[in-house]
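Subject: Structure handover

Hello,

Here is the structure you asked about. Please open it next to this email and follow along.

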Amino acid sequence: MTIANDTPIHATGERDLTIHQRGLVETCFEENQYEAAIAVLDEVRSSKNKPFPPHIRQLIYMALYPPPSIEEDLEEETTKAEPGSPSKALSRRHKTSQVPSPKSSAAARDVLMKYARTNTPKSLALALPDYSVDLHANTFAVEDSWIAREAQRIQKARCCWEIIKEGFIRRNGGEAMSSPRKARARRSTRRAAGNDDGWEADSTEPPAPVSEHAWGVLDWLLTLFEHDEAGVEQTGQARYSPLLLEQIPPSRAERAPRWDVELPLDVAFYALEQDSETRRSLGVRLLALLINLGSTTLLDFPMFLNATSTRVSGLPLETLSYLLSALPVTHTAAQFKVRLCRHALGGGTAAASSKALPQPRARPAPRRRVRAEAADASADADAVPASQQDSSAGAGAHDPKAGGAVSVARKLPAITAPEVVDLLSRPSMSEPAAVAQALCFKGELVATYGFLQMQATGDAKDAKWAELLADGSLRTAVEETFGSGAIESVADAEERDYVQQRRDALLAIMSVWQP
């Protein structure tokens, strides 16, 4: 297939598809030949061809479409075997041919990932809903096909987190429903046989943040955001994704940082609750993207830290340990982990030393908060206001989609070695369930702070840290914190083994740090 010479070329170097190319795809869609349409899209896919947003939306819709349940398959077989009028049989056949088959859905997911490898994140994101002011000024005429009309639901959503939510697309063709977000127990296995996508409309249980059939689309979304932030970093700016920023509601004040990250955190922590390693890794990837975004002045860091700490405090030890160890080994992630551990241990304020350690608790129901409900004082201590930051702390760039804000690497106040030792030595909660989590935070605090000090140069080095290592004060504090009494106070046998292993690992690491 050739591209006409008069096809417009965009700043990204991508050309619009020719009328002929678009016509081939749309004809296949109109005839409900979904696999043929996907094959044509794969054929014209190129780094030189700009994806047509309605086509990408239709791929997303097919990728999200739930497969038939066992009951539906049995009913279909029974219907075929029963005698009936030719008109009814023809009507059933036409209705069945309109909906994407499981094979078509799998092919759509596959070609979406191929597009993510060959085309720019920005051109693909034109098919997604977001909170940008212009709401994508480019509007396209609705095509005649059934799949094109159905895919309009995606464009009408507020953000990408809504389209992957359970119940957004159902086999019965019902409208997407919005339910209040509530805390959810670990639910890695959905109903083996449920109506449509496994969520009954009359159920009192709120829909899951991620539909059972939306994990592939979530993977694709994260891939776009990761490629987007990598491209920004290559320009010399702080690593963050402007496309991810557009999926967070803007603040009322034009230049104020965004702060409402409840929906992406719902998705991330729901993924962490899963048994599947692949799904859990998606939660880690989303948190890593949010952490990178939080390292700029475009996101309210105290609010983000407070919201994350609240959720982390309710995680079981196994999930907490997995999360802290699975986050990428980068300076940005390490800076965040140190502040997260300090926040979870009650540090960060002058009065922190007199406060008892917070007891891990079930995560409260996420809710939208007004801007006045700022994070607590311990979170506020973890960020320097954007107006007070030195622009030399990071490369800045004007981002028109971020409400006129300027992206600057956030400058966080230093955490001192004596504060680390103070948090390490602070008594843990008396409840057995809380001891293991507190020791996990303490161990991670020491290990991560030591990692940052090993990487630090010049004024960033903490001279007191070297002194504590040299005179054995840090080793003594670790041995006392992770002593036999603390280990024996942990009720669960597996958690006791974890605490013992954590102690041994810390002591081994400190021998490497020893000057």
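A residue counts as buried when its relative accessible area is under 20%, and as exposed when that value is over 50%. Anything in between is partly exposed. Keep in mind that this is a predicted model. The notes below go topic by topic.

**Cysteines**

How many disulfides does the structure hold? Zero. A disulfide needs two cysteine sulfur atoms within 2.5 Å. Take Cys160. The closest cysteine sulfur to its own is in Cys159, at 6.0 Å, and that is too far for a bond. Cys160 is also buried, because its relative accessibility is 0%. Cys341 tells a similar story. Its sulfur has Cys440 as the closest cysteine sulfur, 7.4 Å away, again too far for a bond. With 1% relative accessibility, Cys341 is buried as well.

**The largest pocket**

The largest pocket encloses about 800 Å³ of space. Lining it are 33 residues; His331, Gln335, Arg339, Leu412 and Leu452 are the closest to its centre. Which helix gives the most to this lining? Helix 16 does, with six residues. Three helices each supply at least two lining residues: helix 13 (277–294), helix 16 (331–344) and helix 19 (432–455). By class, the lining of the largest pocket is mixed: 16 residues are nonpolar, ten are polar and seven are charged.

**Helix 20**

Helix 20 covers residues 463–470. Trp465, Leu468 and Leu469 are its buried residues to look at. Why do they sit on the same side of helix 20? Because they cover an arc of only 100° around the axis. As a reminder, an α-helix has 3.6 residues a turn, so residues three or four places apart point the same way. Ala463 and Ala470 are on the other side of helix 20, and they are exposed.

Both ends deserve a look. At the start of helix 20, Asp462 has a side-chain oxygen within 3.0 Å of the backbone nitrogen of Lys464. Just after helix 20 comes Gly472, with a positive phi of about 80°.

**Helix 8**

Is helix 8 mostly covered or mostly open? Mostly covered: of its eleven residues (146–156), eight are buried. The buried residues include nonpolar ones, among them Trp146, Ile147, Ala148, Ala151 and Ile154. Glu150, Gln152 and Arg153 are buried in helix 8 too.

**Loop residues**

Three loop positions are worth finding on screen.

- Asp300 lies in the loop between helix 13 and helix 14 (301–312). Its relative accessible area is 8%, so Asp300 is buried. A polar atom of the Asp300 side chain lies 3.1 Å from the backbone nitrogen of Met303.
- Pro100 lies in the loop between helix 5 (86–98) and helix 6 (102–118). Pro100 is buried, because its relative accessible area is 3%. Its C-alpha atom is 7.0 Å from that of Tyr65, although the two are 35 residues apart along the chain.
- Asn32 lies in the loop between helix 1 (19–30) and helix 2 (34–44). Its phi is near 60°, a positive value in a residue other than glycine. Asn32 has a relative accessible area of 17%, so it still counts as buried.

**Two helix residues**

Where is Val267? In helix 12, residues 262–272. Val267 is buried, with a relative accessible area of 2%. The C-alpha atoms of Val267 and Leu282 are 9.1 Å apart, and 15 residues separate them along the chain.

Arg496 belongs to helix 23, which runs over residues 493–513. Is Arg496 buried or partly exposed? Its relative accessibility is 29%, so Arg496 counts as partly exposed. Along the chain, Arg496 and Ala436 are 60 residues apart, while their C-alpha atoms are separated by 7.7 Å.

**Where to start**

Please begin with the largest pocket and its lining from helix 13, helix 16 and helix 19. Then turn to helix 20, with Trp465, Leu468 and Leu469 buried and Ala463 and Ala470 exposed on the other side. Finish with the cysteines: Cys160 and Cys341 are both buried, and the structure has zero disulfides.

Best wishes

Notes:
Residues numbered from 1 in each chain as written. Predicted model: local features only at pLDDT ≥ 70, side-chain atom pairs only at ≥ 80, totals over all residues. Heavy atoms only, no water. 1 Å grid on protein atoms, 1.4 Å probe; cavity = no way out; pocket = protein on both sides within 12 Å on 5 of 7 lines; lining within 4 Å. Points joined across faces, edges and corners; volume = space filled by probe spheres on them. Helix = DSSP H or I, 4+ residues; strand = E, 2+ residues; numbered from the N terminus. Buried < 20%, exposed > 50% of the residue type's maximum accessible area, 1.4 Å probe, protein only. Arc of directions from axis to C-beta. Polar contact = N/O pair within 3.5 Å; in protein donor to acceptor, adjacent residues only side chain to side chain.
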